[in-house]
Amino acid sequence: MRIVIIGNSTAAVGAVEGIRAAERSNAFDAEKQAKAGGGSSAEITIIAGEREHTYSRPLISYLLEGKTDEERMKYRPNDFYTINNVKTMLGRTVASVDPKAKTVTLEDGSTVPYDKLLLAAGSRPFIPPIAGLGAASDGAEYHTFQSLADAKKLEAALTEQSRVLIIGAGLIGLKCAEGIGRHLKEDALNGDSAEISLLGNKALSENRAASITIAEFAPRVLPSILDEDSAAIVQSHLEKQGLVFHLGNAVSSVDGHSAVLADGTRVDYDILVVASGVKPNIELLTEIGAKSGRAIITDPCGRSSLPDIFAAGDCAESLDVTDGESRVLAILPNAYLQGRAAGKAMAGLDEPFTEAMPVNSIGFFGLHIGTAGAAKGESSVIKTESGYRRFFFAEKRLAGFIIVGDVNRAGIYTALVRSKLPIDAIDFDLVAKKPQLAAFAPKERRKMLNGETV
Amino acid sequence: MKRIYVREEWCIGCHLCEYYCAFANSGEDDMADALRGVKINPRIQVEDADGGVTYAVSCRHCEKPRCAEGCITGALTVIDGVIRLDEDKCVGCYTCIMLCPYGAITPSKGKPVQKCELCLSNGAPDATPSCAAHCPNRAIVFEEGASPCGL
Ligand SMILES: Cc1cc2nc3c(=O)[nH]c(=O)nc-3n(C[C@H](O)[C@H](O)[C@H](O)COP(=O)(O)OP(=O)(O)OC[C@H]3O[C@@H](n4cnc5c(N)ncnc54)[C@H](O)[C@@H]3O)c2cc1C
Ligand code: SF4
Ligand code: SF4
């Protein structure tokens with residue numbers, strides 16, 4: 001059987017590992033596979049526009065910051081493709097899919113046949129319609145922050161004199177700011193301007209931006225994951241690092257050297273970074289009739305509405321267990337697990353991935369943020385020295401939470417959201433103060449800790 | 001595979017496992033040198049529940065390791081059933097902390113995160129993980145058994 005995967009990132013890696021795991025698993029029916037066309041080991045081909053060995057996309061800001069390097073950024077070891085017997089076609093872009101002939105056509109016109117196809121094409125930056133912005137050939141230049149190539153281009157353009165304007169205070173815009181910003185010592189936050197030498201790492205770009213201004217249409221930072229109070233804490237922390245915010249203030253026009261905001265403010269810049277969200281790469285399948293919403297709709301095994309065509313990762317929607325809605329959950333763990341389920345299914349083993357939910361874990365300049373589930377409904381807030389915690393409840397269950405500061409053991413909260421355990425089955429007051437297994441009923445706890453043995 | 005199992009009815013809450021864990025991972029040869037004046041941050045934690053019940057919590061080496069599945073860098077891998085951490089790759093994003101249902105992978109001083117690796121990476125001399133080897137009441141055992149199932 002020939003399996004073709006479009007993309008070489010998280011979802012693709014998940015699929016490769018899923019295919020090979022299915023083939024090794026006892027449940028795998030080699031005979032059935034053989035009948036379906038081919039031996040028990042699928043021929044896997046990865047085709048991707050990006051040229052690099054599979055790398056961790058979130059690490060592009062850590063790279064600029066000097067906290068990792070290109071070798072350590074590799075999401076899987078150098079021998080990943082060899083060990084898994086995967087043929088790679090990197091630096092090649094798929095232009096179309098022919099579901100009748102069961103081939104994909106590349107930009108250079110060559111075709112690659114498939115028996116099963118996985119779209120793991122992720123997403124691309126969304127460029128908002130801002131007057132003067134690069135669309136036309138004479139439009140103002142801008143950077144995006146979505147790939148290793150983007151990060152290198154940004155680094156090459158950056159000098160100690162660069163005034164940087166970032167459009168968007170979402171995860172990508174703020175991570176970009178952290179990557180190129182100055183890093184101040186804790187005690188330097190109160191006036192003194194000593195900088196942290198970042199882990200003494202040689203990879204650290206010499207160049208830090210001279211100034212970073214961030215314009216955001218929404219009235220707060222990280223609008224998709226934080227509430228007002230937690231966003232204010234994060235914003236104040238970022239302002240202490242020297243970032244300047246214009247919130248509730250969209251950019252209305254740019255000319256290559258300055259931007260005019262909705263309220264008339266003019267911001268001069270040397271480098272413009274557009275980080276206003278992403279657009280799933282779904283056209284290869286929507287053009288041939290795949291069912292889609294914001295992204296490709298699949299079953300929990302990754303099957304699209306088209307025969308033998310699967311989709312996973314940022315280009316596919318998931319059924320969010322916290323509220324039963326289908327949505328794009330553009331986070332890396334989700335891409336891996338969707339990819340893995342699709343890989344298994346393509347190899348003939350249906351193991352549906354039914355636990356998709358939003359979980360975000362991010363830090364900026366030393367301040368950690370953890371959020372999970374749905375941030376709506378009844379809620380309670382705990383403010384402590386170690387930070388901010390807000391819990392959301394729905395139908396007597398923990399529906400979601402926002403933590404700024406101490407996220408130690410917060411996976412226990414995530415498990416409560418995922419499992420939908422009724423709140424009154426546990427000592428919630430105890431666990432709210434400090435996540436711990438002591439909050440569970442003894443029987444439940446023993447089962448959690450020891451499995452079926454006790 | 002062999003895993004760590006805890007028997008809460010036998011745990012006397014002495015916290016010795018925490019000290020042996022801290023020692024095993026300290027790189028020191030002498031326990032007193034390793035622990036003198038140190039506020040330990042062990043990879044196993046003794047919890048107190050209602051009614052004087054105590055038990056130790058450390059990584060379960062899950063068959064479905066949510067930490068490793070979600071790790072954004074590939075720093076967490078499964079090697080012969082043991083969930084291992086490559087400290088060199090880890091960037092301290094804490095995604096694994098947000099995903100572990102046991103709270104068994106935790107922030108660490110000097111390194112981004114830490115977790116129990118069954119004393120396979122720390123050069124501890126015992127064939128049995130140090131916590132289990134030194135529990136005075138066999139409330140922590142290292143044996144073949146089922147994979148725990150989280151929540
Ligand atoms: C700066 C930044 C920081 C992030 N931080 C985090 C974080 O901290 N935590 C987290 O969970 N998530 C984070 N994310 C999101 C995370 O990176 C994505 O969820 C994840 O990469 C999705 O993986 P994927 O495999 O679906 O797609 P992608 O990683 O987007 O990869 C898509 C692949 O498809 C290829 N491709 C696309 N179209 C074609 C075509 N037509 N032909 C051939 N190849 C094609 C591309 O070259 C690429 O290899 C971050 C993202 C960014 C940009
Ligand atoms: S999820 Fe937690 S308990 Fe399970 S393997 Fe990972 S760190 Fe260990
Ligand atoms: S903190 Fe380290 S081990 Fe945990 S998910 Fe992030 S990179 Fe992986």
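User: What share of the contacts in chain A with a separation of 6 or more comes from residues 24 or more positions apart?

Analyst: Residues that far apart account for 64% of them. Contact means heavy atoms within 4.5 Å. This is a predicted model: local features need pLDDT of at least 70, side-chain atom pairs count only at pLDDT 80 or more, and totals for chains, interfaces and linings use all residues. Residues are numbered from 1 along each chain as its sequence is written, chains are lettered from A and ligands numbered from 1 in the order in which they are written, and side-chain values use heavy atoms, with hydrogens and water left out.

User: How many helices and strands does chain A have, and what makes a run count as one?

Analyst: Chain A has 12 helices and 24 strands. Both are DSSP runs, numbered from the N terminus: helices are H or I with at least four residues, strands are E with at least two.

User: What makes A:Thr10 count as buried?

Analyst: Its relative accessibility is 7%. Buried means under 20% relative accessible area, exposed over 50%, partly exposed in between (1.4 Å probe, protein chains only). The value falls under the cut-off, so A:Thr10 is buried. A:Thr10 is found in helix H1 of chain A. Leaving out residues up to four places away in sequence, A:Thr10 touches A:Tyr75, A:Leu332, A:Ala335 and A:Tyr336.

User: What part of chain A is buried, and how much surface is accessible?

Analyst: Of its 454 residues, 53% count as buried. The accessible surface comes to about 19400 Å², and 50% of that belongs to carbon and sulfur atoms. The areas come from the Shrake-Rupley method with a 1.4 Å probe; for residues, only the protein chains shown count as cover.

User: How do you know what span to expect of helix H9 of chain A?

Analyst: The expected span is 1.5 Å times one less than the number of residues. H9 (residues 332-346) has 15 residues, and the expected value is 21 Å. From first C-alpha to last, H9 reaches 21 Å, close to that expectation.

User: Why is H9(A) called mostly covered?

Analyst: 14 of its 15 residues are buried. After H9(A) comes A:Gly348, with a positive phi near 100 degrees.

User: Which residues come nearest to ligand 1?

Analyst: They are A:Ser9, A:Arg57, A:Val94, A:Asp314 and A:Leu332, out of 34 around the ligand. A residue is near a molecule or strand if one of its heavy atoms lies within 4 Å of it. H9(A) gives the most to this shell, with three residues. Helix H1 (10-24), strand S2 (43-48) and helix H6 (171-180) of chain A are also among the elements that each supply at least two.

User: What makes the approach of A:Arg57 to ligand 1 a polar contact?

Analyst: An N or O atom in the A:Arg57 side chain is 2.6 Å from an oxygen atom of ligand 1. A polar contact is a pair of N or O atoms within 3.5 Å; within protein, one must be able to donate a hydrogen and the other to accept it, and residues adjacent in sequence count only if both atoms are side-chain atoms. The pair meets the distance limit, so it qualifies. A polar backbone atom of A:Ala11 is 2.9 Å from a ligand 1 oxygen atom. For a backbone N or O atom of A:Asn8, the distance to a ligand 1 oxygen is 3.3 Å. Taken alone, ligand 1 exposes 1000 Å², and the protein buries 92% of that.

User: How do the shells around ligands 2 and 3 divide by class?

Analyst: The ligand 2 shell has seven nonpolar, one polar and three charged residues. The ligand 3 shell has 10 nonpolar, three polar and no charged residues. Ala, Val, Leu, Ile, Met, Phe, Trp, Tyr, Cys and Pro count as nonpolar, Asp, Glu, Lys and Arg as charged, and the others, Gly among them, as polar. Nearest to ligand 3 are B:Cys71, B:Cys90, B:Cys93, B:Tyr94 and B:Cys96.

User: What is the phi of B:His61, and why is this residue called buried?

Analyst: Phi is near 50 degrees, a positive value in a residue other than glycine. Most residues other than glycine have a negative phi. B:His61 counts as buried because its relative accessibility is 1%. B:His61 lies in the loop between strand S3 (53-57) and helix H3 (66-70) of chain B, and is one of the residues surrounding ligand 2.

User: Why does A:His368 count as buried, and which chain B residues does it touch?

Analyst: At 14% relative accessibility, A:His368 is under the limit, so it is buried. Its contacts include B:Gly92, B:Cys93 and B:Tyr94.
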